[in-house]
Amino acid sequence: MSVAPTHARTMAITSGKGGVGKTCLTANLAWALARTGRRVLIIDADLGLANLDIVLNVSPTVTLHEVISGACALDDAIVPGPGGLHVLAAASGAADYARMTTDLRERLPELVQTLEGRYDYLLFDTGAGLSDVVLYTASLAQEVIIVATPEPTSMTDAYATIKVMATTQQRRRFSLIVNQAPDEPQALFVSNQLQSVIARFLSDGGRAPIELSYLGFVPDDPAMPRAICRRTPVMETAPASPAARAIQALAQSLETAEATPTKAFSA
Ligand SMILES: Nc1ncnc2c1ncn2[C@@H]1O[C@H](COP(=O)(O)OP(=O)(O)OP(=O)(O)O)[C@@H](O)[C@H]1O
Ligand SMILES: [Mg+2]
């Protein structure tokens, strides 16, 4: 796959395990970045079970699926969301949408390339698991952000995701956000544990080491589910809440973190 020069930083937010906060964090990080004047588009890549439109209270009339099938134009599917961010929503509730199709494989890279020229950030909110759709979507992003919680199952799945992307897509750099951690020491414990299993089991003397950069953590905060019920980013409903402050700090870390051009070349 040839890769054109890009403007946007493209990031896939993924986790392996479901329900760890990918969609909440993506929506709120996008909001925080958009508020600083960045042009931000979130692409709902949780195909078949998309719910970014619910979380952000947007009502697109057409979605990524119609764009992929050629039934409508890209611009018709992009809708403005809170804080000035843009959303490219996907559909929910049809098994066909969740499948890897030839159309998806062929058209999505072109769409991403077009969008890279229009935005500062493209954020892919992926689904859970390691399906071909999740892996393919992530392969189109320059950077992969892993979301993990301190639960052992989440950490195991985060490691599995890193392992699969490192071995099948030759990706060497990942970032980590620890969600729902009680405090920073416990978030750092998660990061250190993951780094040590990566060093122990995924190091391959002949190749560049796999790097996992800790971006920060978001505490367990009831403001987050309350914001979802109000279908508004926690950054808007409770800007002084611990979660909102942490996400603000994460957005700043992302802005200052060096872009990690690790685009994968095969899914
Ligand atoms: N920091 C947090 N504190 C408290 N609750 C949180 C936090 N982050 C997320 N949640 C809650 O966790 C639940 C799952 O969040 P979310 O839908 O973002 O996860 P997900 O990883 O996108 O799930 P899926 O894998 O199904 O796409 C939501 O009910 C949300 O309110
Ligand atoms: Mg989600």
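**Exercise 1.** Decide how far helix α1 is enclosed by the rest of the structure.

*Solution.* Start with the cut-offs. A residue is buried if 20 or more other C-beta atoms lie within 10 Å of its own, with C-beta atoms placed from the backbone. Helices (H or I, at least four residues) and strands (E, at least two) are DSSP runs, numbered from the N terminus. Now count: 13 of the 14 residues of α1 are buried, so α1 is largely enclosed.

The model is predicted: local features need pLDDT of at least 70, side-chain atom pairs count only at pLDDT 80 or more, and totals for chains, interfaces and linings use all residues. Residues are numbered from 1 along each chain as its sequence is written, while chains are lettered from A and ligands numbered from 1 in the order in which they are written.

**Exercise 2.** Find the residues with the most contacts inside the largest nonpolar core.

*Solution.* Such a core joins buried Ala, Val, Leu, Ile, Met, Phe, Trp, Tyr and Cys residues through C-beta atoms within 7 Å. The largest has 85 residues. Leu 29, Ala 30, Leu 123 and Ile 247 have the most contacts inside it. Its largest share, nine residues, comes from α1.

**Exercise 3.** Place strand β1 among its partners.

*Solution.* Strands pair if DSSP finds at least two bridges between them. Five bridges join β1 to β5 (residues 121-126), in parallel. There, Ile 13 stands opposite Asp 125. Four more link β1 to β6 (residues 143-148), also in parallel. Met 11 has Glu 143 as its bridge partner in β6. Finally, check burial: six of the six residues of β1 are buried, so β1 is largely enclosed.

Notes:
A residue is buried if 20 or more other C-beta atoms lie within 10 Å of its own, exposed if 12 or fewer, and partly exposed in between; C-beta atoms are placed from the backbone.
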